[in-house]
Amino acid sequence: MAGRDRAGGGAHAGRVNAAAELAEAGLPAAEAARVLAGRFGCSVRQARRYVGQAAASGRVAVPEQAAVFTVKLPVRLAAAVREHAAVSGRTISAVVAQALEEFLERGRRNHPRR
């Protein structure tokens, strides 16, 4: 149905995981789709997509909630990050998040708390 809101990453993962639970409980796909449609207020057609994805790949990881975090970078560094993201086929956010995770992990290894 046009105009309906799409399920965000966390909601989508939750719906696929709910479909996987129903499948694990032995519910046939058609019945699982009806249950999901009622539970999440989506169409049976969309619920069948969740069931299909669960059947194909099983449970999916629920993404962490994200927050907007604004920083000022030198133009050269910002351009390098944009280029790296484009070349690697990832978002700028994904590149920066990975870089910060690695930086913080190195800090924890080099300066463990006493």
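**Salt bridges first**

Start with the charged side chains: this predicted model holds 5 salt bridges. Select Glu-21 and Arg-59 and show their side chains. They form a salt bridge, with 3.6 Å between the closest N and O atoms. Glu-21 sits in helix α1 (residues 9-24) and Arg-59 in the loop between α3 (44-57) and α4 (75-88), so this pair ties together parts that are 38 residues apart in sequence. Switch on a surface if you like: Glu-21 is partly exposed, at 43% relative accessible area, and Arg-59 is also listed as partly exposed, at 43%.

Keep Arg-59 on screen and add Glu-24. Here is another salt bridge, with the closest N and O atoms 2.8 Å apart. This pair also links distant parts of the chain, Glu-24 in helix α1 and Arg-59 in the loop between α3 and α4, 35 residues apart. Glu-24 counts as exposed, at 56% relative accessibility. With the three side chains displayed together, you are looking at a network of salt bridges made of Glu-21, Glu-24 and Arg-59.

**Next to Arg-59: Asn-17**

Stay with Arg-59 and bring up Asn-17, which has its place in helix α1. Is Asn-17 buried or exposed? Asn-17 counts as buried, with a relative accessibility of 11%. Leaving out residues up to four places away in sequence, Asn-17 touches Arg-59, Val-60 and Val-62. So Arg-59, the partner of Glu-21 and of Glu-24, is also among the contacts of Asn-17.

**Along helix α2**

Now colour residues 29-40, which make up helix α2. Helix α2 has 12 residues and reaches 16 Å from its first C-alpha to its last, close to the 16 Å expected at 1.5 Å a residue.

Select Glu-31 and Arg-34. Their side chains meet in a salt bridge, 2.9 Å from N to O. Both residues lie in α2, 3 residues apart, about one turn of the helix. An α-helix has 3.6 residues a turn, so residues three or four places apart point the same way. Glu-31 is partly exposed at 31% relative accessible area, and Arg-34 counts as partly exposed at 46%.

Next, pick out the buried residues of α2: Ala-32, Ala-33, Leu-36 and Ala-37. Look down the axis and you'll find that they cover an arc of only 135 degrees, which puts them on the same side of α2. Which helices help to cover the buried residues of α2? Turn on α1 and α3, as both are included in what covers them.

Before leaving, try Arg-39, also in helix α2. Arg-39 counts as partly exposed, with 46% relative accessibility. Beyond residues up to four places away in sequence, Arg-39 touches Ala-18 and Leu-22. For a ruler check, draw a distance from the C-alpha of Arg-39 to that of Gly-8: the two are 31 residues apart along the chain and separated by 16 Å. Then step past the end of the helix: α2 is followed by Gly-41, whose phi is positive, near 70 degrees.

**Into the core**

Hide the charged side chains and centre on Leu-36. Its contacts, not counting residues up to four places away in sequence, are Arg-15, Ala-18, Ala-19, Leu-22, Gly-41, Cys-42, Ala-47, Tyr-50 and Val-51.

Now widen the selection to the largest nonpolar core, which has 14 residues. Which of them touch the most other members? Select Ala-19, Leu-36, Ala-47, Tyr-50, Val-51 and Ala-54. The helices α1, α2 and α3 each supply at least two residues of this core, and α1 gives the most, with 5 residues. In soluble globular proteins, nonpolar side chains tend to be buried together.

**Last stop: Arg-15**

Finish on Arg-15, found in helix α1. Arg-15 counts as buried, at 17% relative accessibility; the cut-off for buried is under 20%. What polar contact does its side chain make with Tyr-50? The side chains of Arg-15 and Tyr-50 are joined by a polar contact of 3.2 Å. Show the surroundings and you'll see that Arg-15 touches Ala-7, Leu-36, Phe-40, Cys-42 and Tyr-50, again leaving out residues up to four places away in sequence. Two of these names should be familiar from the core, Leu-36 and Tyr-50.

Note on methods:
Residues are numbered from 1 along each chain as its sequence is written. This is a predicted model: local features need pLDDT of at least 70, side-chain atom pairs count only at pLDDT 80 or more; totals for chains, interfaces and linings use all residues. Side-chain values use heavy atoms; hydrogens and water are left out. A salt bridge is a side-chain nitrogen of Lys or Arg within 4 Å of a carboxyl oxygen of Asp or Glu. Helices (H or I, at least four residues) and strands (E, at least two) are DSSP runs, numbered from the N terminus. Buried means under 20% relative accessible area, exposed over 50%, partly exposed in between (1.4 Å probe, protein chains only). The expected span of a helix is 1.5 Å times one less than its number of residues. The arc is that of the directions from the helix axis to the C-beta atoms. Contact means heavy atoms within 4.5 Å. A nonpolar core is a set of buried Ala, Val, Leu, Ile, Met, Phe, Trp, Tyr and Cys residues joined through side-chain atoms within 4.5 Å. A polar contact is a pair of N or O atoms within 3.5 Å; within protein, one must be able to donate a hydrogen and the other to accept it, and residues adjacent in sequence count only if both atoms are side-chain atoms.
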